[in-house]
Structures are given as C-alpha cells and as structure tokens.
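User: I'm new to reading protein models and would like a close look at one helix. Could you walk me through what it looks like and what sits around it?

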Number of protein chains: 2
Amino acid sequence: MQQIAPMPNEGTRSAQRRAAIVDAATTVFLRKGYPAASMDEVATLAAVSKQTVYKHFRDKETLFVHIIQGLMTSADEAIQSASDALGDSADLPRDLRALARVLLESLRRPRVLQLRRVVIGEAERFPELGRAYWDLAFQRGIDSLAKGFTRLDQRDVLTVPDPELAAQHFAGLVLWGPINHAMFYGVDDPAAAADIDRLADAGVEAFLAAYGRRSG
Amino acid sequence: MQQIAPMPNEGTRSAQRRAAIVDAATTVFLRKGYPAASMDEVATLAAVSKQTVYKHFRDKETLFVHIIQGLMTSADEAIQSASDALGDSADLPRDLRALARVLLESLRRPRVLQLRRVVIGEAERFPELGRAYWDLAFQRGIDSLAKGFTRLDQRDVLTVPDPELAAQHFAGLVLWGPINHAMFYGVDDPAAAADIDRLADAGVEAFLAAYGRRSG
C-alpha cells in the first residue's frame, strides 16, 4: 500500500490541477472571448504556473476545444438519454415534449449560450473552433435525436425515411425561435422564458403532424 | 434654377459622403468586429474627417445599427416579396420552395453571415446591438412570412391558427441546419452548398405535411 500510495496522490494532484485549469479557462474564455483570453490569465486564476497549463494543454486552441467538449458533454448526455427514451416510448407526444424541453434547457444554459456566442463570433478568424463546436456539439445532438427517430421508424410509430433530416427538423421546429432569441436578446427576458413551454409543445405538435403515421 | 442649384449639389455631396461612410463602416465593422472598430478608421477609409462621420452618425452604435438596417433591408425585401407571392399562389409547393430558397440565399450571403457573427459575438457586452438585429432583421423576416401564411389560411389553402408560430416553424424547418452550418463552418464548404436545395425542399415538404389542409 505504501508503494502505490504516491501514484494515486500524484494522479489526484495532477487531476485537481487539470480541473482547476479547465475551470479557470472556462471563466476566462467565456468572459473575455477567445482572442483576448491569455494562457497567463488562465494560469493566474487557476493558481498554477503557465508551464503547468502547457503541460496539460498543448496550446490555447486545445484548451478551448476541451472546454467546448466539457460544457457540451452534459448537454449531450441529457439529449441522448431523452432520445433513447423515445425508443420504447408508450406515450410519444409526452416523451417528445420532454425531449423538446431537454433540448431547450440544455442549450439555454447561460454558459452554453456564452460558449455559442464566443465560437460563432470567432468562427471566421478561428475556423477550427467553429468546426470543433459543430462536431462536438451540434452534430452530436443531431445524431442522438436521429438514433431515437430511427427506433420510432422501426417500431412503425413514426414515418422517418431520413432520420438525420428528421432530427434537424425536430431541432429547427423547437429551437429556431427560442435559441435565436436567446442569442440576440439573452435569456433574462421573463416573457420569453414563460413562452418556452408553449413553443416546445407547438414544435412537437408540428413534428408529429409532419412525421406521424397517417391512419389508413 | 441657379437659386436651387446649390441645394441639390450640397445634398448630393452630403449623400455621397454618407454613403461612403456607411460603405467604409461596413467593411471596418465586419472585418474587425464591433469593439475593435474605431470611428477614426471609418473616417480614414471613407476619406472624410472624423467630424464628418459624427455629423452623420451620432455615435458608433448608431452607425452600426444603420449598417444592420442597410444589410438586412435587401434580405427583407426579397423575403417580403416571396411571402407576398404566396397570397395568390396557384402552385403552393412550388412557391414555398421558392420562398425557402430566398430565405437561404438572403441569410447565407457572406456579409449577412459576418454581420450575424459580429452581433451574436457581442450581444452580451452590447445588448442593444442584439436587440437591434432581432427587431430589424429576425422579427421583420418572421412578420413577412406570417403575413403570407395569414393569406393562405384565409384562402383555406393551409390551416394556420397562429401565423407567427407557423412562420417560426417554416424558418426553423428550412434554416436550422444550413444556417448553423454556415455560422460554425462558413459557406465555403461545397458539399453544404450542393445540399442546400435538397434541404430547402425537405423543409417545405415537412411544413406542408404539418400545415396543409387534410382532405376530408
């Protein structure tokens, strides 16, 4: 036991430092934007040396992509689990409404909106960030939805000839208004927040009308 | 004639200067972003004095809002005229497909995408810009679509209980994938460009399935 003790301690300290760096970097990047954020500032806020930051993350881009991944993973897990639930759904409208709410809640989280703003704002100067977001966040969400819709098609509950397209349509019906409103107006508008459930349900209703099995 | 000659000349020179300022400011704001752009730079590029810039535009924000208005007016006119055409449409699927293409073309113009990126990127630090874009661009587009769908409901061609909601659904079905792709990936991807017509048509098909009159 004495022999292996130093290893986990080392690992733990290293992991703690890494977590502190990611935490600090998330704060710095989201507050300052990508170009203005510096590795120096991240190191200072994380209370580690700049060398330690570079030991964990090769460069600023790698660190930022890691932040995208970190912030979007919890969103993606929620979307994935709500999409998986569709596969065995006994009450499809109810479960689609739940999925719509999960999508809206995941993407309207202030840090996710901030991240989206930073990435979009810099996508022309730093195309690799836009592409990382697309792959790690946008496309992953679409893939999760598509998997759920594939199962519903197999079960003959919906008619979904192109699951990825259906996923884009579901997302578009539910998210277009609210996410654009959040992007341009922010999420502090109480009227918009109160309207979210109505828009989620209306999006689901339109989706079911478009993709539901026609009787007969 | 001699008496009124100086006035139009004055007016013309002033209008030319104003146009030069707007042109220069569009270039500077879209290239540098809002915070980094300076009125000095705009004046230099427009070959006028800084005083002249301020004579025409009270401050940087006023100038930027004017640019939003300018860039989005031509997009809005195209959307409005394609929406108006729906009112008397003799071939609704065809005219909706045309409208979907107009929406996509208007919003995928490089300068419009750049503007959208700048505004979204700064909407937290400069909320008045986000709100100006929402009112002058986003909401105006939705209003134009809603007017077209109202007429289609009145003619009993579609069932549209809530025209603004239907407008959001139409936009979401057609735009969610392509505009997000353009935001994160840019419009230089030839595969995405080739896919645009298919996505436009598929969005229209889903919309018609959701909002079309059921026979019987």
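Analyst: Here is a walk along one helix, its neighbourhood and the pairing of the chains.

Keep in mind that this is a predicted model. Let's pick helix H8 of chain B, which runs over residues 163-185. How far apart are its end C-alpha atoms? They are 32 Å apart, and that agrees with the 33 Å you'd expect from 23 residues at 1.5 Å a residue. There is a kink in H8(B), though: at B:Leu175 the bend is about 55°, shortly before the proline B:Pro178.

Is H8(B) out in the open or tucked away? Of its 23 residues, 21 are buried, so the rest of the structure largely encloses H8(B). After H8(B) comes B:Gly186, and its phi is positive, near 85°.

Now step back to B:Asp153, which sits in helix H7 (residues 127-154) of chain B. B:Asp153 counts as partly exposed because it has 18 C-beta neighbours inside 10 Å, while a buried residue needs 20 or more. Setting aside residues within four places in sequence, the contacts of B:Asp153 are B:Leu158, B:Thr159, B:Val160 and B:Pro163. B:Lys55 is another story: it lies 98 residues away along the chain, and its C-alpha atom is 48 Å from that of B:Asp153.

Finally, the pairing. Chain A lands on chain B after a rotation of 180° with 0.0 Å of shift along the axis, at an RMSD of 0.0 Å. The two copies are therefore related as by a two-fold rotation axis. Both copies use the same surface, since 100% of the contact residues of chain A recur in chain B.

Terms used:
Residues are numbered from 1 along each chain as its sequence is written. Chains are lettered from A and ligands numbered from 1 in the order in which they are written. This is a predicted model: local features need pLDDT of at least 70, side-chain atom pairs count only at pLDDT 80 or more; totals for chains, interfaces and linings use all residues. Helices (H or I, at least four residues) and strands (E, at least two) are DSSP runs, numbered from the N terminus. A residue is buried if 20 or more other C-beta atoms lie within 10 Å of its own, exposed if 12 or fewer, and partly exposed in between; C-beta atoms are placed from the backbone. Two residues are in contact if their C-beta atoms, placed from the backbone, lie within 7 Å. Copies are superposed by least squares on the C-alpha atoms of residues with pLDDT of at least 70 in both. The expected span of a helix is 1.5 Å times one less than its number of residues. The bend at a residue is the angle between axes fitted to the seven residues ending there and the seven starting there.
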